[in-house]
Amino acid sequence: MANQTNSLHYKQAPLPFVGQKRMFLNAFKQVLNDNIPNDGAGWTIIDTFGGSGLLSHVAKRIKPKARVIYNDFDGYADRLKHINDTNRLRAELLQIVGDIIPKNKRLDNSKKQEIINKINNFNGFKDLNTIASWLLFSGQQVGSFEELFSKTFWHGIKLTDYPTAEDYLDGLEIISEPFQTLLPKFADNPKALFVLDPPYLCTRQNSYKMANYFDLVDFLQLIDLTRPPYIFFSSTKSEFVRFIGYLVQAKKDNWQTFDKAERVTIKAALNYQVQYEDNLVYKF
């Protein structure tokens, strides 16, 4: 295992992932450093909806003695194992568009069909999320190659290879477990930090491997299971901030968990047309 103090600190996930919290890294680090002393010895940090693993990666780098659990429910670790195949396919697709078409321009039907044929005939691992990020308009998500091939293609193919990222998950405990059974295991440990970045309600979740694994009932269960210390991510694309405001005001079940919680807000943009507000809510 690589030495945690010498290994590379990633500022974004090695492969594309919708919802990675790279804009929040400085705030996330600040909250950890303000509330978990020194190197984190004796603490457990549970990245409950691990996504791209970026929060787990950062937590382990700045608190190397903490136990960091990366709950990989979206198969991201498997995608990382196949970066060499992804880079090989990227190079083959880039040859199709070449220098003929300016980047970020729409591809005509003949080029689209060439790309589809190349993907279908590729004899390696095919990373749907990464491929979609090359070919779809910013922010679009799909759940299958069939759906991808039905869309308009744009030339957004990356011009350089992705890093092999062998050290990205170093030191992490990688699991895949529903939060309903994971969080209760640590509920009574005051040095177990719940990092909670669930899929947003009221949005399409095609970027997630299990597209329907988080719904309203799951959200309410998560609220019930949350207790300090926690860091909870949300945005105006969901109703979380309004909901906890109501919870505290009406003194509903578990309202004390969210009473007097701190909040960090960042303005974000999905693309030039869609803007929103991201929130980090925490309490120790």
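Contact here means heavy atoms within 4.5 Å. The structure is a predicted model. This briefing covers its nonpolar cores, an enclosed helix, a helix pair and three individual residues. The largest nonpolar core has 58 residues, and a second, separate core has 23 residues. Helix α2 (residues 54-62) is largely enclosed by the rest of the structure.

**Exposed loop residues**

- Asn 38 lies in the loop between α1 and β1, and at 69% relative accessibility it counts as exposed.
- Apart from neighbours within four places in sequence, Asn 38 is in contact with Ile 62 and Lys 63.
- Asn 38 and Pro 64 are 26 residues apart along the chain, and their C-alpha atoms are separated by 9.4 Å.
- Asn 104 occupies the loop between α4 and α5; its relative accessibility of 53% makes it exposed, because the cut-off for that class is over 50%.
- With neighbours up to four places away in sequence set aside, the contacts of Asn 104 are Trp 154, His 155 and Gly 156.
- Between Asn 104 and His 155 the C-alpha separation is 4.9 Å, although their positions lie 51 residues apart along the chain as a sequence separation.

**Nonpolar cores**

- Within the largest nonpolar core, the residues with the most contacts are Phe 28, Ile 115, Leu 148, Tyr 168 and Ile 231.
- Helix α4 (residues 83-97) gives the most to this core, contributing six residues.
- Tyr 168 touches residues including Tyr 10, Ala 13, Pro 14, Tyr 76 and Leu 80, not counting residues up to four places away in sequence.
- Tyr 168 also touches Ser 52 and Gly 53, as well as Leu 54, His 57 and Arg 61, and these last three are among the buried residues of α2.
- The second, separate core includes Phe 179, Ala 192, Leu 196 and Trp 255.

**The enclosed helix α2**

- Nine of the nine residues of α2 are buried, so the helix is largely enclosed by the rest of the structure.
- The buried set includes the nonpolar residues Leu 54, Leu 55, Val 58, Ala 59 and Ile 62.
- It also contains the charged residues Lys 60 and Arg 61, together with Ser 56 and His 57, which are classed as polar.
- The cover over these buried residues includes helix α1 (25-35) and the strands β1 (44-47), β2 (67-71), β4 (192-196) and β5 (230-235).
- Ile 62, a buried residue of α2, is also one of the contacts of the exposed Asn 38.

**Packing of α4 against α6**

- Helices α4 and α6 (residues 128-135) pack at an angle of about 25°, and their axes are 11 Å apart.
- Since angles under 35 degrees count as roughly parallel, α4 is roughly parallel to α6.
- The crossing of α4 with α6 is right-handed.
- On the α4 side, Thr 86, Leu 89, Arg 90 and Leu 93 meet Thr 130, Ile 131 and Trp 134 of α6.
- The residues in this contact comprise four nonpolar, two polar and one charged.

**Ile 116 in helix α5**

- Ile 116 belongs to helix α5 (residues 109-121), and it counts as buried at 8% relative accessibility.
- Outside a window of four places in sequence, Ile 116 touches Phe 149 and Phe 153.
- Ile 116 and Leu 93 are 23 residues apart in sequence, with a C-alpha to C-alpha distance of 9.5 Å; Leu 93 is also one of the α4 residues that meet α6.

Conventions: Residues numbered from 1 in each chain as written. Predicted model: local features only at pLDDT ≥ 70, side-chain atom pairs only at ≥ 80, totals over all residues. Heavy atoms only, no water. Helix = DSSP H or I, 4+ residues; strand = E, 2+ residues; numbered from the N terminus. Buried < 20%, exposed > 50% of the residue type's maximum accessible area, 1.4 Å probe, protein only. Core = buried A, V, L, I, M, F, W, Y, C linked by side-chain atoms within 4.5 Å. Axes fitted to C-alpha atoms, helices over the stretch in contact; angles between N-to-C directions. Parallel < 35°, antiparallel > 145°, perpendicular 65-115°, else oblique. Left-handed = near helix turned anticlockwise from the far one by under 90°.
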